[in-house]
Amino acid sequence: MGGPDTPENKDYIQKHKLWTLGELITMHVIQTQPQSLDEFIVKILTNEKDNPTTTIDPPSAEIAASAKAYLQEHRVAFVIEDWLRAVLEAKPDTPLDFSIAHFGKGSNGADAGAKRPKVLVLLYSTYCHCWAMAKAAVEGATTAGVQVDLMRIPETLPPEVISKMGAENAAVQMASIPTASVGDMALYDGLLFCFPAHFGVPPAQVQTFMDQTGGLWMSGALTGKPACALVSAESQHGGQELALLNFHKTLYHHGCIVFGLPSGPWIQADDGVHGNSPYGASTVTGIQGERDPSEVDLSGARALGQRLSQVASKLRTTN
Ligand SMILES: Cc1cc2nc3c(=O)[nH]c(=O)nc-3n(C[C@H](O)[C@H](O)[C@H](O)COP(=O)(O)O)c2cc1C
């Protein structure tokens, strides 16, 4: 790929924008209640007049009808991509500047047009320790007056492996938490990731999730969003800080405004084992997972959640 103005580079960016749009629209459709499909089609496919962000010609009635059929089967991306490609062939200079707000509601019913800023807490946890920390983070974030949603990063291990790991019950307990799609992140003003440390890095599940964000990266959808993380590890020096710092690198690539925990009692407490550090909140689970997060650990998670909400309110990136 050449420099920013070369035809190759422009072509590359254009292709990725198409892909991102297809991905975002599909994500939205999958998460939208079926009764809102008609409304959705009107908004996305008919160049709604009161939407100043839409600059692309509407599709023909034939394409719209075909899109509707696909929408009902949750396979809209190809149709949308074809339509965008046809538009671009006819008018190569058409800017692809759809705004995220154009896609309406996210998986949790988060309304992109809502007045309150909103933050997303993304959880991956095998045995629920990070879930307990995530709940404390949600509590802290809520005190700052923003909308807070908790979603799960999808599991990638087969059930038999989860069973061998003795994590079946935990999986059942967490099953009611809605599963996130990568596009969800674009709908929020701030992001907090919660995951266990695995050998000093985030678990593969988190990495797999972030490896699907090429489209978001290309479109800059996460740029300027405040983001932070909390972790757990079985031992007190089991790689918490490294896992946080390693994950922060991914957030930097997305242009996020990355931060950790400010100094406070959640870090300075010296009356027992605890996990918090300036790089983020953390808890120590013990070798058998026997330790629940301590009050100090939870207070760090609350402080991190609250900080995220405060920063997200100031830097608001959604409408
Ligand atoms: C593949 C794997 C690697 C792990 N590596 C470490 C490690 O390097 N240091 C450590 O203290 N704990 C390690 N652990 C333990 C996890 O950090 C621990 O199970 C987790 O923090 C529990 O949190 P959860 O209940 O939210 O899943 C590892 C666990 C797994 C499954």
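Q: Which residue does L192 stand opposite in β4?
A: First, a heads-up: this is a predicted model, where local features need pLDDT of at least 70, side-chain atom pairs count only at pLDDT 80 or more, and totals for chains, interfaces and linings use all residues. Residues are numbered from 1 along each chain as its sequence is written. Strands here are DSSP runs (E, at least two residues), numbered from the N terminus. Opposite L192 in β4 you'll find C228.

Q: How many bridges join strand β3 to β4?
A: Strands count as paired if DSSP finds at least two bridges between them. Strand β3 covers residues 190–196 and runs parallel to β4. The number of bridges joining β3 to β4 is six.

Q: Which residue of β6 does V231 stand opposite?
A: β4 also pairs with β6 (residues 281–284), in the parallel sense and over four bridges. Within β6, the residue opposite V231 is S282.

Q: Why is strand β4 largely enclosed by the rest of the structure?
A: Call a residue buried if 20 or more other C-beta atoms (placed from the backbone) lie within 10 Å of its own, exposed if 12 or fewer, and partly exposed in between. P226, C228, L230 and S232 point one way from β4, while A227, A229, V231 and A233 point the other way. β4 is largely enclosed because, of its eight residues, the number buried is eight.

Q: Which residue of β4 does C194 touch?
A: Touching means that the C-beta atoms, placed from the backbone, lie within 7 Å. Skipping residues up to four places away in sequence, C194 touches several others, including V121, M133 and A137. Another on that list is the β4 residue L230.

Key. Two residues are in contact if their C-beta atoms, placed from the backbone, lie within 7 Å.
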